[in-house]
Amino acid sequence: MVLLQADPFLSELTNMYERSTEKGSVWVTMKRSSMKCEARLKKMANKKEEVEYRCLVRATDGKKNISTALSAKEYLKFQASYALVLKAHMHALKKRERKDKKKAAEPEKVPEKEPKKQKKSSSKKSAVAK
């Protein structure tokens, strides 16, 4: 797997999306990583050193794998650029066909009868009694 900087990663990701427009998929995963092994992390925890976590972003189209590691400062800029790449290449998606369940489930409504009017005289008597 090739570890790239953020900008080359985005350009290579764009190429992957373009290659898979007609047929294929691109998988992108993101996870938190310290980029260190567990033994080193335990030593740092014993010494009470601060561990800097990074965001590891991986992408594959089944043939080629690429990845990048981002710090917290780089992440916001990357996320904005990544959103633009996604918006540019989402045109190949097909809209899901849905069945009209509402029309099939609801039978024709029969007009309801008007409710009977209540007698007002009983309410007047109770108000007078108080």
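The following legends describe close-up views of a predicted model of one protein chain.

**Figure 1. Overall fold of the protein chain, with 5 helices and 4 strands.**
Read from the N terminus, the elements follow the order β-α-β-α-β-β-α-α-α. The chain has 130 residues, and 22% of them count as buried. Among contacts with a separation of 6 or more, 63% are between residues 24 or more positions apart. The accessible surface of the chain amounts to about 12,000 Å², and carbon and sulfur atoms account for 52% of this area.

**Figure 2. Helix α1 and the elements that cover its buried residues.**
Helix α1 comprises residues 6-19. Its 14 residues should span 20 Å at 1.5 Å a residue, and the end C-alpha atoms are indeed 20 Å apart, so the expected and modelled spans agree. The buried residues of this helix are Phe 9, Leu 10, Glu 12, Leu 13, Thr 14, Met 16 and Tyr 17. Their cover includes the strands β1 (2-4), β2 (27-33), β3 and β4, together with helix α3.

**Figure 3. The largest nonpolar core, a set of 14 residues.**
Phe 9, Leu 13 and Phe 78 have the most contacts inside this core. Two or more core residues come from each of α1, β3 (54-60), β4 (65-70) and α3. Helix α1 supplies the largest share, with 5 residues.

**Figure 4. Surroundings of Phe 9 in helix α1.**
Phe 9 has a relative accessibility of 0%; this value is under 20%, and the residue therefore counts as buried. Leaving aside residues up to four places away in sequence, Phe 9 touches Leu 4, Val 57, Ala 59, Ile 66, Ser 67, Thr 68 and Phe 78.

**Figure 5. The aromatic cluster of Phe 9, Phe 78 and Tyr 82.**
The whole structure holds 2 aromatic pairs. In the pair of Phe 9 and Phe 78, the ring centres are 6.0 Å apart and the planes meet at 45 degrees; the pair is tilted because this angle is neither under 30 degrees nor over 60. This pair joins distant parts of the chain, since Phe 9 belongs to helix α1 and Phe 78 to helix α3 (residues 72-88), 69 residues apart. Phe 78 is buried, at 3% relative accessible area. Phe 78 also pairs with Tyr 82 in a stacked arrangement, with 5.9 Å from centre to centre and 5 degrees between the planes. These two residues are 4 residues apart in helix α3, so about one helical turn separates Phe 78 from Tyr 82. Tyr 82, like Phe 78, is buried.

**Figure 6. Thr 14, a buried residue of helix α1.**
Which residues does Thr 14 touch, not counting those up to four places away in sequence? They are Val 85 and His 89. The relative accessible area of Thr 14 is 18%, which is under 20%, and Thr 14 is therefore buried.

**Figure 7. The salt-bridge network of Glu 12, Arg 19, Asp 61 and Lys 64.**
The structure contains 3 salt bridges. Between Arg 19 and Glu 12, the closest N and O atoms are 3.9 Å apart. Arg 19 is partly exposed, with a relative accessible area of 48%, whereas Glu 12 counts as buried at 16% relative accessibility. Glu 12 also meets the side chain of Lys 64 in a salt bridge, with an N to O distance of 3.1 Å. The pair of Lys 64 and Glu 12 connects the loop between β3 and β4 with helix α1, across 52 residues. Lys 64 has a relative accessibility of 35% and counts as partly exposed.

**Figure 8. The salt bridge between Asp 61 and Arg 19.**
The closest N and O atoms of Asp 61 and Arg 19 are 3.4 Å apart. This bridge links distant parts of the chain: Asp 61 lies in the loop between β3 and β4, and Arg 19 in helix α1, 42 residues apart. Is Asp 61 buried or exposed? At a relative accessible area of 16%, Asp 61 is buried.

Technical notes:
Residues numbered from 1 in each chain as written. Predicted model: local features only at pLDDT ≥ 70, side-chain atom pairs only at ≥ 80, totals over all residues. Heavy atoms only, no water. Phe/Tyr/Trp six-rings, centres within 6.5 Å; stacked < 30°, edge-to-face > 60°. Buried < 20%, exposed > 50% of the residue type's maximum accessible area, 1.4 Å probe, protein only. Core = buried A, V, L, I, M, F, W, Y, C linked by side-chain atoms within 4.5 Å. Contact = heavy atoms within 4.5 Å. Areas by Shrake-Rupley, 256 points an atom, 1.4 Å probe, with all protein chains shown as cover. Expected span 1.5 Å × (residues − 1). Salt bridge = Lys/Arg side-chain N within 4 Å of Asp/Glu carboxyl O.
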